[in-house]
Amino acid sequence: MVQRPRMATTIPSVPDATGHFGQFGGMFVPETLMTPLLDLEKAYIEARQDPAFQAELDDLLKNYVGRETPLYFAERWTEQLGGAKIYLKREDLLHTGAHKINNALGQIILAKRLGKTRIIAETGAGQHGVATATVCARFGMECVVYMGQVDMERQALNVARMRLMGAEVRAVTAGQATLKEAVSEAMRDWVATVENTHYIIGSALGAHPFPMMVRDFHRVTGVEARQQILEKEGRLPDLLVACVGGGSNAIGLFHPFLNDENVRMVGVEAGGDGIVPERHAARFQGGKLGVLQGTKTWLLADDDGQINLTHSVSAGLDYAAIGPEHAFLADLGRVEYTYATDDDALSAFKEVSQTEGILPALESSHAMAYVSKIAGSLPKDSIIIANMSGRGDKDVAQAAKYLLGEDLGTL
Ligand SMILES: *Cc1c(COP(=O)(O)O)cnc(C)c1O
């Protein structure tokens, strides 16, 4: 991992007026989407200052989603690793099993305010599709989720969950028939339907104002964690750790601590089978600066600019581009980025399951793998907060195959 110098000044407030985080971010979209995106930005900025909007969001976060989530001291795991005290921020306990609902809920309340009646989304493994279908059912909105045909077969359980809640899941058969193609289809739909339709993007990605909005809807994780650690330990943590796919759970935890100079932060990307082209999704390991899905950021592409295939055992981290704010924070040296391989993540999955009785999502297991590696080398009075972004129930078939040698089929 690259150790970068600690920043000395405060982090500028980003994005700027043109939606840029330093040289990253922006609005790289077809002309027809420019006005809708600017309207969305304006409506969002108004909403976030409106106490009625905040009150509705806070009420549903509490009573529907299950906030606040505990900050749990992992006592046995701490003892086993023999170093820093490890706290887990329990986003896995939220309704639908992961942090994604924080964002889906915020965006649908905004969509209602904008007078939209129809929601679209894209999904890879189905987790964001499930969160979106959930809030659409709750708000009585029409819901269309685009999903690659290949992903639909691999994630039959999530497809059924979405359909049971009344969503229409549309199969995308173009190209690799996975997430990237699903995103393109959703964009095509949005260009034609933006009048009555809001597109709920699932991570801190896409054109401005999405990375900012998604970040803000996840900040609640870090705001709670900050207050909880002050109550429990009387001081701020030494280290924050989170996995990074598009980067939403990580930015949600990190953002409220960015100006706390002594809090170190590490984002963990998917190292897959190791850093070999097309066998990982670690954008900071040899990624290139480019534009994908409306935003300028680091992405995995070949020398002709064609997007590379990616691989990770965890579908939620398996994406070629990273959110633009993470690219910016890496440039500033404020957040360090490393990776965990599939094997690292699976052994951390087992370790946490067997010492704490918590099955982490395979995505979250990447963060846990870094904790497992580092905690023992830190002093016993130091404090780590790691984000348990989701629960591993969805990953039982995969984990059983790797760790128990049992084939449960596609659950
Ligand atoms: C989707 C997902 C992720 C990755 O997305 P981010 O936007 O990087 O947070 C991480 N953990 C879980 C449990 C997920 O479902």
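Right after helix 7 comes Gly-166, and its phi is positive, near 95 degrees. Helices here are DSSP runs of H or I with at least four residues, strands are E runs of at least two, and both are numbered from the N terminus. Keep in mind that this is a predicted model, where local features need pLDDT of at least 70, side-chain atom pairs count only at pLDDT 80 or more, and totals for chains, interfaces and linings use all residues. Residues are numbered from 1 along each chain as its sequence is written, and side-chain values use heavy atoms, with hydrogens and water left out.

Let's step back into helix 7 itself, residues 156-164. Asn-158, Val-159 and Met-162 are buried there, meaning under 20% relative accessible area with a 1.4 Å probe and protein chains only (exposed is over 50%, partly exposed is in between). Looking down the axis of helix 7, the buried residues fall within an arc of 105 degrees, so they line one face of the helix. That arc is taken from the directions running from the helix axis to the C-beta atoms. In general, an α-helix has 3.6 residues a turn, so residues three or four places apart point the same way.

What covers those buried residues? Strand 5, helix 5 (127-139), strand 6, helix 6 (149-154) and strand 7 are among the elements that do, with contact meaning heavy atoms within 4.5 Å.

Some of those strands belong to a sheet. It's an open one of 4 strands, in the order 7-6-5-8, with parallel pairing; two strands pair if DSSP finds at least two bridges between them. Strand 7 (168-172) and strand 8 (197-199) are the edges, each pairing on one side only. From one strand to the next, the twist averages 25 degrees. Further in, strand 5 (residues 118-123) and strand 6 (residues 142-148) pair over 6 bridges, and Arg-118 has Glu-142 in strand 6 as its bridge partner.

Now find helix 8 (residues 179-193), which lies across strands 5, 6, 7 and 8 and runs at about 160 degrees to strand 5. Axes are lines fitted to C-alpha atoms, for helices over the stretch in contact, and angles go from 0 to 180 degrees between N-to-C directions.

Helix 8 also carries Trp-190, whose partner Phe-210 is in helix 9 (residues 210-233), 20 residues apart. Their rings form an edge-to-face pair, 6.1 Å centre to centre with 65 degrees between the planes. Rings of Phe, Tyr and Trp (its six-membered ring) pair if their centres lie within 6.5 Å; planes under 30 degrees apart are stacked, over 60 edge-to-face, and the rest tilted. Both Trp-190 and Phe-210 are buried.
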